[in-house]
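Biologist: Hi, could you walk me through this model? I'd like to go piece by piece.

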Amino acid sequence: MLALHFFLLCYEASHLLAIMPSLRTSLLLFSHLLPLALSADTESWRSRNIYFALTDRVARSSDDNGGDACGDLSNYCGGTFQGLQSKLDYIADMGFDAIWITPVVANSDGGYHGYWATDLYTINSHYGTADDLKALVDAAHEKGMYMMVDVVANHVGPSSIADHQPSPLNEDSSYHAQCEIDYSDQNSVENCWIADLPDLNTQSSDIRSLYQEWISWLVTEFDFDGVRIDTVKHVEKDYWPDFSSAASVYTIGEVFDGDANYVAGYASLMSGLLNYPMYYPMNAFYQQTGSSQAMVDMYDQVSSLFPDPTALGSFLDNHDNARWLNTKNDLSLLKNALAYVILARGIPIVYYGTEQAYSGGSDPANREDLWRSGFNTDSEIYQAIARLSASRKAAGGLAGDDQTHLYVADTAYAWSRAGGDLVVLTTNSGLGSSGDHCFNTQVPNGAWNNTFSTGSFTADGDGNICITVSNGEPVVLVAA
């Protein structure tokens, strides 16, 4: 409807332009608002399922079918936009309908990851051209997939200041004086240099305007549907609302901290945040070092502190944290953790390579190339993710704030969503374990199919059900 109104306005204005040339400027100005109105907003993202990909590590060309592992994970390995485009079906067949890619702008030497920007308006030539990036986004859209771009507004790459673009990023006055971060002092966190990278003077109105204009251009020029924002806590809070607004799409920020009270302080500044508060107790439970009650307690704390918990991104590892299997090498436990990420409240984010059971440790070991796997679609975890994603879709997309704790035990946690149409039982007993778990589903006489394995289940007249766990794997029930 909004598009129709815009068309009618343009039609009428085109006739008026002949007699009122001054309207031309107004019409052009209004046209820039159209992407804002039609872009993917928070509501559109809530039911999405995100695959997080390092562009340099997915595929090297459009005909990449696998090959030897990259010999130096601390530098460019050869992944490209064209390579990533060729793997859209590989990604979509796991049930992902959104992709988050690492930053796309030109970087300092060695910036294979994209977080060392040198020129905001030039695309990183190691990945391909601007046209290659547009083709990737267009191809994803044709398959019904959203594209999210990662951006950095806190710092730039470790090149000479004079080499940074656009102006005035080539001037010393655009940066804070160098100092080492004291993480006990928020002022230091915001104004000192992370990893010796030049820290932008984000208090400057010129810098703020420059980055707002750039993010608006980037999203519009390449038709991105969302923006992931790096190092959010390293910039003063009042910087972010205008930056997020200028992006005109869903924005999700990284506040790398497990303190729910601290992270919640950023929740109103942008659309969503990575759910680091849940990351720690969730992984502790499924890696057998924490309790299900601690996980539930954090869930409830997030519910009370955050204005919109459904807009938070759920994840179990990423490029900044050792891979899950590096900490706990148990595929059954990993499946349970993935069941939580994909089927509990929030927007799921799965790090590339998880589907191939990668187990790299700290950066850069956790940034393995994907081609060493041969892009195996029959791997155990690839298939597990596909089943979990299918269950999410079958339950209606799970966009709501509708999770109910059903069963909190020493080695198990079960919850329901979508009014009981989805019931999930997870355990942390691990590979080879089995056991019976009985609990109330709150759905009298409910009937479900086990979509992660086989079989069907029916609750009694009071909603009680007993489920047998085999080999430590999760049980996912979708209403019959």
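Modeller: Happy to; here is a tour of the sheet, the salt bridges, the surface and the backbone.

Modeller: This is a predicted model, so local features need pLDDT of at least 70 and side-chain atom pairs count only at pLDDT 80 or more, while totals for chains, interfaces and linings use all residues. Residues are numbered from 1 along each chain as its sequence is written, and side-chain values use heavy atoms, with hydrogens and water left out.

Biologist: Great. In what order do the eight strands of the open sheet run?

Modeller: The order is 8-7-6-5-2-1-10-9, with parallel pairing. Helices (H or I, at least four residues) and strands (E, at least two) are DSSP runs, numbered from the N terminus. Two strands pair if DSSP finds at least two bridges between them.

Biologist: Which strands stand at the edges?

Modeller: Strand 8 (272-273) and strand 9 (313-314) do. Each has a single partner strand, so one side of each is left without a neighbour in the sheet.

Biologist: And how many bridges join strand 5 to strand 6?

Modeller: Four bridges join strand 5 (residues 146-151) to strand 6 (residues 226-229), and the two run parallel. V149 stands opposite V227, and V151 has I229 as its bridge partner.

Biologist: What about strand 6 and strand 7, how do they pair?

Modeller: Strand 6 pairs with strand 7 (residues 250-253) in the parallel sense, over four bridges. There the bridge partner of I229 is G253.

Biologist: Which way do the residues of strand 6 point?

Modeller: G226 and R228 point one way, V227 and I229 the other, and all are buried. Buried means under 20% relative accessible area, exposed means over 50%, and partly exposed lies in between (1.4 Å probe, protein chains only). In a regular strand the side chains alternate between the two faces of the sheet.

Biologist: Which residues is R228 linked with in a network of salt bridges?

Modeller: R228 shares that network with D150, D230 and E254. A salt bridge here is a side-chain nitrogen of Lys or Arg within 4 Å of a carboxyl oxygen of Asp or Glu.

Biologist: How many salt bridges does that rule give?

Modeller: The count comes to 19 salt bridges. One of them is between D308 and R46, with the closest N and O atoms 2.5 Å apart. That pair links distant parts of the chain, 262 residues apart. D308 is in the loop between helix 14 (292-305) and strand 9, and R46 is in the loop between helix 4 and strand 1 (50-53).

Biologist: Is R46 buried or exposed?

Modeller: R46 is buried, with a relative accessible area of 15%, whereas D308 counts as partly exposed at 23%.

Biologist: Got any others to look at?

Modeller: Sure. R57 forms a salt bridge with D56, the closest N and O atoms being 2.8 Å apart, and both residues are buried. D64 forms one with R60, where the closest N and O atoms are 2.8 Å apart. D64 is buried at 4% relative accessible area, while R60 is partly exposed at 32%.

Biologist: Switching to the surface: which residues form the negative patch?

Modeller: E180, D182, D185 and D196 form it. Patches are made of residues with over 30% relative accessible area and no salt bridge, with like charges joined within 9 Å and nonpolar side chains (Val, Leu, Ile, Met, Phe, Trp, Tyr) within 5 Å. Asp and Glu count as negative and Lys and Arg as positive, leaving out His and the chain ends. A charge is placed at NZ of Lys, CZ of Arg, CG of Asp or CD of Glu. Accessible areas come from the Shrake-Rupley method with a 1.4 Å probe, and for residues only the protein chains shown count as cover.

Biologist: Where is D196?

Modeller: D196 lies in the loop between helix 9 (186-191) and helix 10 (205-222). It is exposed, because its relative accessibility is 57%. A195 is found in the loop between those helices too, and it is exposed at 64%.

Biologist: What is the phi of A195?

Modeller: Phi of A195 is near 50 degrees, a positive value in a residue other than glycine. N471 has a positive phi of about 55 degrees and is not a glycine either. N471 is in the loop between strand 17 (464-469) and strand 18 (475-479).

Biologist: Last one: which peptide bond leading to P166 is cis?

Modeller: The bond from Q165 to P166 is cis, with omega near 0 degrees. A cis bond also joins S167 and P168, with omega about 10 degrees. P166 is in the loop between strand 5 and helix 9, and so is P168. Most residues other than glycine have a negative phi, and most peptide bonds are trans.
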